[in-house]
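Please walk through this protein with the sequence and the model side by side, beginning with a single lysine and ending with the packing of the interior.

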Amino acid sequence: AFSAGGDLSGGFVDDPLPRHAERGALAELFRTMRAVPKPIVARVNGAALGGGFGLAVAADITIAREDARMGTPEIDLGLWPMMISAVLVRAMPQKTLLDMMMTGRIITAAEAVDLGLVTRAVAADELDEEVETVTESLLAKSPAALALGKSAFSAMHDLDLDTALDLLQAGLTATAMTEDGQEGVTAFLDKRAPDWKGR
C-alpha cells in the first residue's frame with residue numbers, strides 16, 4: 001500500500017479531546033507540502049485510502065500503479081474524511097467527492113486520472129521507471145523557476161482573476177530577474193544547454 005490512512009489503533013476514539021492537537025499534524029503536513037519550493041512526486045504503489053488518499057492528491061505529481069485503489073472509506077467506520085476534505089475539494093468535482101465521502105466508494109487509478117487526482121497510471125512493473133523519468137526531468141529544470149512557479153500556482157488558486165493576473169505579472173518579473181531566467185534565455189539564444197544555479 002501507499003498508505004491505508006490514519007492509525008486507528010491506540011485510542012483514536014477512546015479519548016478524542018486530548019488528541020485534538022495531534023490531529024493537526026496532517027494539516028501541517030499539507031501546508032508544508034504546498035509551501036515547500038521543490039516539486040513533490042508521489043509514487044503510489046498500491047492502496048491510497050483515507051489520509052493516504054489526501055496525501056497522494058496533495059503531491060504536485062502523482063504516479064500510480066494501474067491496480068491502485070483510492071478513496072475515502074471513513075464513513076464505513078462512522079467517521080468522516082475531515083482533514084483531507086480541504087485538499088480534495090480543490091482537486092476534484094464536488095459532486096463526485098461528496099459521493100465518494102458519503103458512500104465510501106473506492107476508485108481505480110484510471111478513474112483518478114480521469115478526475116485529475118493522479119497524473120499518470122502505469123503498469124506495476126513500469127512504476128519505478130516512470131517515477132525515475134519524471135524526477136530526472138524535474139532535476140533538469142531550473143530550481144529557481146520551479147520554486148517561483150509552484151508558489152505562484154498555489155497562491156493564485158483562491159484568487160479572483162484580476163488579483164491572480166497581478167500576482168502572476170509580478171511572478172513573471174521575478175523569474176526574469178533570477179540568474180536562472182537570464183541563463184535560460186541566454187542558453188536558448190546561444191543554442192546550448194543551460195547551466196542552472198538555482199538562483
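**From one lysine to the core**

In this predicted model, the side chain of K150 makes a polar contact with the side chain of D60, at 2.8 Å. K150 belongs to helix α7, which spans residues 143-156, and it counts as buried because its relative accessibility is 12%, below the 20% limit used for that term. Leaving out residues up to four places away in sequence, K150 touches D60 together with M33, R34, V36, P37, K38, P39 and I40.

Strand β1 covers residues 41-44, and its side chains alternate: V41 and R43 point to one face and are not buried, whereas A42 and V44 point to the other and are buried. This strand pairs in the parallel sense with strand β3, residues 61-65, over four bridges, and V44 stands opposite A64 of β3.

Both V44 and A64 reappear in the largest nonpolar core, a set of 24 residues in which they are listed with F53, M70, L88, I107 and L117 as having the most contacts inside it. At least two residues of this core come from each of α1 (25-35), β1, α2 (51-58), α3 (82-88), α4 (94-103) and α5 (109-114). In soluble globular proteins, nonpolar side chains tend to be buried together.

I107 shows what such a position can look like: apart from neighbours within four places in sequence, I107 is in contact with F53, A68, R69, M70, M100, A112, L115 and L117. A second core, separate from that one, has seven residues, among them I61, V122, V131 and V134.

Technical notes
Residues numbered from 1 in each chain as written. Predicted model: local features only at pLDDT ≥ 70, side-chain atom pairs only at ≥ 80, totals over all residues. Heavy atoms only, no water. Buried < 20%, exposed > 50% of the residue type's maximum accessible area, 1.4 Å probe, protein only. Polar contact = N/O pair within 3.5 Å; in protein donor to acceptor, adjacent residues only side chain to side chain. Contact = heavy atoms within 4.5 Å. Pairing = 2+ DSSP bridges. Core = buried A, V, L, I, M, F, W, Y, C linked by side-chain atoms within 4.5 Å.
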